[in-house]
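Got the viewer open? Let's take a short walk through the inside of this protein.

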Amino acid sequence: MGVALDITRGETLIGKRVPKMDAPEKASGKTRYIHDINLPGQLHAKILHAGVVHARIVSIDTSAARALPGVHAVITAADVPWQRPIGVAKDHLPLKTDRVRSPRDEIAAVAADSAEIAEAALNLIKVVYDPLPIVSSAEDALQPGAPLLHGEELAWTSPDGRREVLHAPSLDNVAMTFNYAQGDVTYGEAESDAVVEDVFWLHYVTHCCMGVSGVIAEFEANENLRLYSNTQVPFLHKREFAELLGIDPGRVRIIQPPIGGGFGSKLDIYPFEPIAIFLAKITRRPIKLVFTREEEFMASPTRQPVLLRLRSGCKRDGTLTFRTIDTLHDNGAYTSWGATTPFVMMQTFSSLYRVPHCQYRTRAVYTNNPYAGSFRGYGNLQATFAVEAHMDKLADAIGMDPLAFRFKNAQEPGEVTPQGMLFKSCGFKDCLETAALRSDYSRKHAEYRAKWHDGNPVKRGVGMASMLHVAGGAKIYPSDGCGTILKIDDFAHVTLITGASEIGQGSETVLAQLVCEELALPLSAVTVVNNDTDITPWDVGVHASRTTFIAGNSAIGAARKAKAKILAAASAKFELPVDRLELRAGHIVEKDSGNRFIEIGKLIRSLHFSDKAELVMTTHYYEPPSQHQDREFKGDVSAAYAWATQVVEVEVDTMTGIVRLLRVTGAHDVGRVLNRLGIEGQIEGGIVMGQGYATTEDLIVENGVVRNPSFRDYKLVTAPEIPEIDISFIETMDGEGPQGAKGVGEAPAICVAAAVANAIYNATGVRLYALPFTPENVYRALKQQARPPVWRVAP
């Protein structure tokens, strides 16, 4: 772990292959996840889910459950009349009052001496329902006369009796809309030589974090709330949990245990968290509530299913002319972050390629299905799937090579899109060129296409797709910043206290590298503290691929202040100007000669023991130079943008419909590589996640019910199915990122499904418009037995 810097060679940690700092603890089984944490006096909680899709609650009888020995509390909505709606649209009560809208809906909860007793108590609760008509699809939800799922006002009454309406009645089942326009699409279509229009269907998938959802809630003696929580946004949740209780957010402390994956699934408050708090408040005991795997499938958010209609045009020379897009999002029964993914999709439609005229209309609609949350890529997988299919189809329509067509329309450095995004750096064309060259794309594309009718039932194909994503944060909230506190002790050991959360992405290792680079210390000299809101400074949370960029710049700022303090002290001690001194390999040295004067630790000790003792402690807050988008969705929302191109080579067995990924060639604009091992892992993991989205994963929902809530029936990609992966890094440093780096957390998952679709077409001449590409779905399409998606959406 300790990578020592060589004073004579001036070695750098940047770009090295550095193992994750938490790897030894995890690999040895010593890491204590939330399952492993137990507090004195702790009770275990379980939730009674409705199990019915849509119904009125007629009665709830909890008497038998309350009488069971070992049970300390049984609560329903009647026991917490002060509960406050949660979620992005504040349309969601943690415990349902008179109506359920999804099988996962929370009816009651039990706190008991053990999880087994709590489970037994749930079985004693009797609920009588009056069934209501089910709205099983977004199209149905918009039909005239469709049952209204949130047709009533939702108000909150505070503990002091103050009433506040948080959610107005929805009169048409539309939860959210996003409409955007640039240019004149009528003019653009009129000047087009080729126009294509298609309808696409993007399906349900779920996150499948290895660590299921869980929380421990405890009220301290002074009534402050302490939560052990896997949230990705601890500081935002402090305020939301405080609102639940009507207390000052300063009285909420969130401690994050090590997290077994997030991928966006922990970006919102979900009912189990308030319920644990309710039980802790009532019992005056710590409450531990951890999902079973089946609950995790049923009661955690999903990637949002989308029905998408796309119409695109181009001139004969390959210039894109216009694009119109309509999307319909199945919001599910309540509104979490899934309803806002059109915000990111818009960016892909308007700005992945230069398109002068674009019109975008989208609606997120309530149904009785599982509700959709945020998920790695945040709508970009769905948008890229459609756009990149059209890029191939338009190229085909004008007889142009797909790679040349993309080059013709690719963004370049310095461009400002109609949405106002400024691409200070842009490695898009380098990504296209590198991925095509390393995969031998053009030769294989022509060769495989020529074999469509050669009689061999096993075909090969290559497909290409590219992506654009935010890579320097995303100004969604009033601030997109992060704070750092840095302390160097008298042995030159650094404690880096960062607001950034570690959810498995390896951020603590990268932050330590950046600090070591500034202070010329080995990694073994750094401890990262990142898991306690009472200790760490503010940060807006893990999302939008922002942590390396935002927290990295914050850490560098704090380290540079510490460096300045050390050099100033050395300057005084050795009577030399600061600009003649430098830190190298744990020493203060003369910059030109490299002659060492003193160890950093020894100098700091001298400060502590001097007449005017002084500590080396610094703070820094970094706010990126980005903008909120205005009401017309225009504004430079990120301080940097990432680009990538992936080429996928597949083998399609036309007798069985089985699609095998043989090789993925990825070229990613990462700004600059900081930890080569970490970024390789991030991109390989993203590609495999994209592979699952494309070929195997399918959360089957029928009339609101999840039919495959287990790893047996929900097919994750496993090791033998992972293709050969070839990754190239395009470095396009634009000066804003830490050491030039851009965020890449979401990027690698975005292109895969689109590239696989293009590869299947290249192999067989058959285009699929709906995911996933399971053997059955592919076989039906090849035999012309599949019904392509149709747009029958009410206006």
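We'll go from a strand and its partners to the cavities.

This is a predicted model, where local features need pLDDT of at least 70, side-chain atom pairs count only at pLDDT 80 or more, and totals for chains, interfaces and linings use all residues. Residues are numbered from 1 along each chain as its sequence is written, and side-chain values use heavy atoms, with hydrogens and water left out.

Start by selecting residues 357-366, strand β19 (strands are DSSP runs of E, at least two residues; helices are runs of H or I, at least four; both are numbered from the N terminus). Of its 10 residues, 8 are buried, meaning under 20% relative accessible area with a 1.4 Å probe, protein chains only.

Next, add β18 (320-332), which runs parallel to β19 over 10 bridges; strands pair if DSSP finds at least two bridges between them. Thr327 has Thr362 as its bridge partner. Helix α9 (342-351) carries the chain from β18 to β19 in a right-handed β-α-β crossover: clockwise from first strand over helix to second, with the strands pointing away from you.

Now show β9 (174-182), antiparallel to β19 over 8 bridges. Asn179 is bridged to Arg361 there.

Then select Ser213, Ser265, Lys266, Tyr270 and Phe272. Of the 16 residues lining the largest cavity, these lie nearest its centre. A cavity is a set of points on a 1 Å grid over the protein atoms alone where a 1.4 Å probe fits but cannot get out, and lining residues have an atom within 4 Å of a point. Helices α7 (272-283) and α8 (293-299) each give two or more residues to that lining.

Finally, pick the lining of the second largest cavity, including Tyr33, His35, Asn230 and Lys266.

Notes: 1 Å grid on protein atoms, 1.4 Å probe; cavity = no way out; pocket = protein on both sides within 12 Å on 5 of 7 lines; lining within 4 Å. Buried < 20%, exposed > 50% of the residue type's maximum accessible area, 1.4 Å probe, protein only.
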